[in-house]
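Please keep the sequence beside the structure while reading, and follow the chain from its overall make-up to a few places where the packing can be traced residue by residue.

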Amino acid sequence: MHLNNKSPHTWPLVDDLNVFLTVVRKQSFAAAAVELGLSPAYVSKRINLLEKGLGVRLFLRNTRQISLTPDGEKARDGAMGVLDTMSEFISSLSDTHEHIQGHLNIGCSFGFGEQHMAPALAEFSRRFPQITCKLTLSDRVMDLIGEGIDIEIRIGNDIKELYIARRLADNARILCAAPGYLAEHGIPQEIDDLARHKCLVIQERNSPFGVWRLTRAEEACQVRVKGSLSSNSGVAVLNWALAGHGIICRSRWDVQKYIDQGLLIHLLPEYAQSANIWAVYTIKPSTSTRLKLCVDFLAEYFHLNPPGLSPERL
C-alpha cells in the first residue's frame, strides 16, 4: 500500500498570519498596510498567498468593506493561537521574568482606566520593562477578538460565557449626593423616594438607561429614576453631583474620596449595586506567560492599592 504523506496545503508563514490578523483588526487592507509599514499591494499579495496556501477564501470583499468568511473566522482564531504559541515559545527560552518579551493590548473604560489602570500599568512596565503595553480606553463594549484586545478590565459582572475572567477587586456602586442638594430637597429615607428626586443618569456601556438595579442583603430591586441631566460621561455626572444637581449611583472607587472629604453623602447605605472589577481575556493564562504575569500583577496591585477603598472597606 502506498502512503502519500504530502499535505494538500502549505504551512503558512508566521509573518503572513500577522498580516492577516492586522487586516482583520483594522478591517481594511489599506489601514493594515499603514500600521505594518507595507504597501497595500504587498498586503493584498500576502493575503492572496495565504488563501492559496490554506486552500480557503478568508475575506469577502467589495469596494467599500471587507468581512470574514466562515473559513476566515476559523483561520482568525487559529492564527491567534499560533502567534501566541510562537511568542510564548520564544519567551520560554528564558527562565527569568526579566527576559520575557512581547506586547499586550489592554482595554478599559475611561474613568477607571485614567484613574487606576494608567498608574497600575506604569508600575507593571517598571517591573517588566521588556513587555510593551498599549492601553485603549473606551466606554463601549469591546470585541476582544475582533479588536485584538489581550486583557479588558471591566467594571460589573456582566461577562460573556465565551470569555475567561478573574476578579481583581470587589466593588459596588452606591448612592450619594452633595450636602447642598440634600439640604434643599431632603434626604431619601426609602428606596421608593428616589422617584421624586433629581437623579443624575449615566449611560454605561450596555446597561439600561434610567434604571438602577440595587440589592439590599439578598433582596434585589429595580428603580426607574429620572432627572433633567444625563450623560454618557462619568466625569460630567460626578461633577454635577458635586455641584449639588442631584443623586448619583456611582462606583465606590469613583466617589469614596469625596465622601471622606464630606463633599458627598452616602445615601441609603443598605442598598448597593455589585460592580466588581474583572480582568477578562480569551485564552487561558497558562498558555501565555505575558498575560499571566500581567493578570497576576494586577490582582496583587489592586489588593495592595484598593481602588478608592481602604482595605477594611473591601
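The paragraphs below go from the whole chain to one helix, then to the nonpolar cores, a strand and the cysteines.

This is a predicted model, and every value in the text was computed from it. The chain has nine helices and 15 strands, and 42% of its 314 residues count as buried. Among contacts between residues at least 6 apart in sequence, 73% join residues that are at least 24 apart.

Helix H2, which spans residues 29–36, is a convenient place to begin. At its N-terminal end Ser 28 acts as a cap, with a side-chain oxygen 3.2 Å from the backbone nitrogen of Ala 30, and after the helix comes Gly 37, whose phi is positive, near 70°. Which residues of helix H2 are buried? They are Phe 29, Ala 32 and Ala 33. Seen down the axis of H2, these buried residues fall within an arc of 100°, so they line one face of the helix. Their cover includes two helices, H1 (14–26) and H3 (40–54), together with the strands E1 (59–61) and E2 (66–68).

From this helix the view can be widened to the nonpolar cores. The largest of them has 28 residues, and those with the most contacts inside it are Met 117, Ile 151, Ile 153, Leu 298 and Phe 302. Two or more residues of this core are given by each of the strands E3 (102–108), E5 (151–155), E6 (164–169) and E15 (277–281), and likewise by the helices H5 (110–127) and H9 (289–304). The largest share, nine residues, comes from H9. To see the packing around one of the core residues, take Met 117: leaving aside its neighbours within four places in sequence, Met 117 is in contact with Ile 106, Cys 108, Phe 112, Leu 135, Ile 153, Leu 298 and Phe 302. Apart from this core lies another, of 19 residues, and among them are Ala 32, Ile 47, Ala 75 and Ala 79. Ala 32 has already appeared as one of the buried residues of H2.

Strand E7, residues 172–177, shows burial of another element, for six of its six residues are buried. Both of its faces are covered, with Ala 172, Ile 174 and Cys 176 buried on one side and Arg 173, Leu 175 and Ala 177 buried on the other. The strand has several antiparallel partners. Four bridges join E7 to E12 (residues 248–251), where Arg 250 is the bridge partner of Ile 174. Three bridges join E7 to E13 (residues 265–267), in which His 266 stands opposite Cys 176. Two bridges join E7 to E14 (residues 273–274), and there Gln 273 stands opposite Arg 173.

The cysteines are the last stop. A disulfide is a covalent bond between the sulfur atoms of two cysteines. How many disulfides does a search of the whole structure find? The search finds zero. Cys 199 is in no disulfide, and the nearest cysteine sulfur, that of Cys 249, is 9.4 Å away, whereas a disulfide would require the two sulfur atoms to lie within 2.5 Å. Cys 199 counts as buried, at 1% relative accessibility. Cys 249 is in no disulfide either, the nearest cysteine sulfur being that of Cys 176, 8.3 Å away. With a relative accessible area of 6%, Cys 249 is also buried, and Cys 176 is one of the buried residues of E7.

Note on methods
Residues are numbered from 1 along each chain as its sequence is written. This is a predicted model: local features need pLDDT of at least 70, side-chain atom pairs count only at pLDDT 80 or more; totals for chains, interfaces and linings use all residues. Side-chain values use heavy atoms; hydrogens and water are left out. Buried means under 20% relative accessible area, exposed over 50%, partly exposed in between (1.4 Å probe, protein chains only). The arc is that of the directions from the helix axis to the C-beta atoms. Contact means heavy atoms within 4.5 Å. A polar contact is a pair of N or O atoms within 3.5 Å; within protein, one must be able to donate a hydrogen and the other to accept it, and residues adjacent in sequence count only if both atoms are side-chain atoms. A nonpolar core is a set of buried Ala, Val, Leu, Ile, Met, Phe, Trp, Tyr and Cys residues joined through side-chain atoms within 4.5 Å. Two strands pair if DSSP finds at least two bridges between them.
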